[in-house]
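Reader: Hello! Could you show me how to read a few features of this structure?

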Amino acid sequence: MAELDAANLMKQAVGKAAADRVKSNTIVGLGTGSTTAYALEFIGDRLKKGELENVVGIPTSFQAEVLARKYGIPLTTLDVVDRIDIAIDGADEVDPQKNLIKGGGAAHTREKIVDALAETFLVVVDSGKLVDKLGSTFLLPVEVIPMALTPVMRALAKLGGKPELRMGIKKAGPIVTDQGNLVIDVKFDAIADPAELEKTINNLPGVLENGLFVGVADVILVGEIIDGQPTV
Ligand code: 5RP
């Protein structure tokens, strides 16, 4: 098996630490992305070993659903359960107030539904995701229904952003979300008021959800390399 690079070693360490916090008889929100993928793998391992019992997951994307099936995590839906005990999900940026930018995997709409419903939302990131101000390194994803693409792009530019339609591999066509929509990535140079911008963008007709998660995260687990060792 190929050796993991530093970023993946941090993701693996933090994914394991998150999986270790899952308890038996719980409903777990299953996030999307490469860091959460490690958490799902370790939850599956613990279920196989019998360390965990009666855990059911609620996936935040088709991708998470496929991985959960691969790792043997039973699944349920929001129609059937009355609570989510813990959600584990990654982020693209985390500020000192635990506000996030998410949506690098175009899954932020379902992620916000599941993560916001969880009793505890546990964010799993490597240290490269920590920023002083949101928007300093990552573009803000905005999911938009296709017919509203152009007016929403104009409105985002009026708000001071530089919007770009997210394209797929080889730029052969746009990325399409699990809901059949498009994603606009917007460059804002350091977001002064994330709570205000989250509401303002979500009020634009045609916008389904944006990737600002303000006041949703409870615990941030950060993977780092210290003295050459992955540490959380
Ligand atoms: C997907 C997300 C991901 O959680 C976020 O992009 C982090 O991904 P990764 O762990 O691969 O860096 O928000 O929509």
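Reader: What radius of gyration would a compact globule with 232 residues have, and what does the protein have?

Author: Happy to help! This is a predicted model, where local features need pLDDT of at least 70, side-chain atom pairs count only at pLDDT 80 or more, and totals for chains, interfaces and linings use all residues. Residues are numbered from 1 along each chain as its sequence is written. The radius of gyration is taken over C-alpha atoms, and the globule rule is 2.2 Å times the number of residues to the power 0.38. For 232 residues a compact globule would come near 17 Å, and the protein's 18 Å agrees.

Reader: At what angle do α1 and α2 pack?

Author: Axes are lines fitted to C-alpha atoms, for helices over the stretch in contact, and angles run from 0 to 180 degrees between N-to-C directions. Helices (H or I, at least four residues) and strands (E, at least two) are DSSP runs, numbered from the N terminus. Here α1 (residues 6-20) and α2 (residues 34-49) pack at about 45 degrees, their axes 7 Å apart.

Reader: Which residues surround the ligand most closely?

Author: A residue is near a molecule if its C-beta atom, placed from the backbone, lies within 6 Å of it. The ligand has 17 residues around it, the closest being Gly 33, Thr 35, Gly 90, Gly 104 and Gly 105. Two or more shell residues come from each of α2 and α4 (108-117).

Reader: How many helices and strands are there in the protein?

Author: The protein has six helices and 13 strands. Its C-alpha atoms fill a box of roughly 55 × 45 × 35 Å along the principal axes.
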